[in-house]
Amino acid sequence: MTAPALVGRVVVLTGATGGLGPVVAEQGAAAGATLVLCDRDETRLTGLVTRLALPSERVRTAAVDLTDADAVRRFADDTEGWHGHVDAVLHMVGGWRGGTPLPEAPADDWPWLVERVVTTTVNVVRAFAAPLKAAANGRFVTVSSPQACAPTSSNAAYAAAKAASDAWTLALADEFAGSSATANVVVVPAILTPQMREAKPQAAFSNFVEAEAIAETMVALCAENAPGSNGLRIVLPTRGTS
C-alpha cells in the first residue's frame, strides 16, 4: 500500500518513541506530514526529532501523561492552537502483561493494563473527537491484537483491555458517521521492530508483523480521501502468512 502525500496534514503520534512510533514517524515524515510527537519522556522525544531531521515548522513535541484526562484535553487544544487543525491521530500507547493462567494471574495485571491500554485510549478519543470530526478527512487509527476477539486463559486481562480500547475506537467511528472522518483499528498479534530484527537476525518471527508494514497501513489510512474506510478492524498478515 503506497500512501499519497500528506503535505499540509497535521498528524499526532501518541507513544511516538515506543517500538512502533519512530517507524510511523519516519514514514509520516516521508509522506510530507507535519508531525506532533507525544510521549512521556521529553529526552526521548528530542532524540526522535533529531533522528527525523525535519524543519522546525514540521515537527513539535509534547510530553504528556495520557492517563490524565485534563492534560490530554490541554494537549488537544494546544495542537489545534499551534496549527489551526488536527487531521489525524495515530494512537500507539499500550502495554502487555500476561502468560499466566487465569486463576493464578497477578491481581494487579488488570488495573495496570486498564491504565495504560484503556484509560489512554479513552482520554485521547474524547479529547480529539471534535477536532478530527471538524477536519477535512479526519483520521484516528490505533493498533490492537487478535486477543481482543479471541481471549485465552493466559491473556485474559490483556484481551479484555484491548477489547475495551477497540470499543472506544469503534464508538468514535460511530460518532464520525455521516462526516468525512474515520476511526479504524489495525490488528496484529505482535510487532517486529527494527531493533528486534537487529538483535536476532536469524529468528523467524513468523507470528509477527513488521513495524514498517504497520506504519505503511496507518499512514495510508491517513491519506485516504473522503469518505474513506470507517469502523474497521484491519487484520494484517504475519510474516508466516504473507
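The following paragraphs describe the strand pairing and helix packing in a predicted model.

The model contains an open sheet of 7 strands, ordered S3-S2-S1-S4-S5-S6-S9, in which the pairing is parallel. Its edges are formed by S3 and strand S9 (233-235), each of which pairs on one side only. On average, and with direction ignored, neighbouring strands of the sheet are turned by 20 degrees against each other.

Two of the strand pairs are described in detail. At one edge of the sheet, strand S2 (residues 34-39) runs parallel to strand S3 (residues 59-63), and 5 bridges join them. Within this pair, Thr-61 of S3 is the bridge partner of Leu-37. The connection from S2 to S3 passes through helix H2 (residues 42-52), giving a β-α-β crossover that is right-handed. Strand S4 (residues 88-91) is paired with strand S5 (residues 139-144) in the parallel sense, over 4 bridges. Here His-91 stands opposite Thr-142 in S5.

Helix H1 (residues 21-30) packs on the sheet, where it touches strand S1 (10-14), S2 and S4. The direction of H1 makes about 170 degrees with that of S2. Helix H4 lies across S1, S4 and S5 and runs at about 170 degrees to S4.

Packing between helices was examined for H4 with helix H3 and with helix H5. Two packed helices are described by the angle between their axes and the distance between the axes. For H3 (residues 69-83) and H4 (residues 109-134), the axes come within 9 Å and cross at roughly 30 degrees. Because this angle falls under 35 degrees, H3 counts as roughly parallel to H4. The crossing of H3 past H4 is right-handed. On the H3 side the contact is made by Ala-69, Val-72, Arg-73, Phe-75, Ala-76, Thr-79 and Glu-80, and on the H4 side by Asn-123, Val-124, Arg-126, Ala-127, Phe-128 and Pro-131. By class, this contact has 8 nonpolar, 2 polar and 3 charged residues.

The axes of H4 and H5 (residues 156-175) also come within 9 Å, crossing at roughly 10 degrees, so H4 is roughly parallel to H5. The H4 residues in this contact include Trp-110, Leu-113, Val-117, Val-118, Val-122 and Val-125. Among the H5 residues that they meet are Tyr-158, Ala-161, Ala-164, Trp-168 and Leu-172. Charged residues also take part, among them Asp-109 and Lys-133 of H4 and Lys-162 and Glu-175 of H5. The contact of H4 with H5 has 14 nonpolar, 3 polar and 5 charged residues. Arg-126 of H4 appears in the contact with H3 and in that with H5.

Methods:
Residues numbered from 1 in each chain as written. Predicted model: local features only at pLDDT ≥ 70, side-chain atom pairs only at ≥ 80, totals over all residues. Heavy atoms only, no water. Pairing = 2+ DSSP bridges. Right-handed = clockwise from strand over helix to strand, strands pointing away. Axes fitted to C-alpha atoms, helices over the stretch in contact; angles between N-to-C directions. Parallel < 35°, antiparallel > 145°, perpendicular 65-115°, else oblique. Left-handed = near helix turned anticlockwise from the far one by under 90°. Contact = heavy atoms within 4.5 Å.
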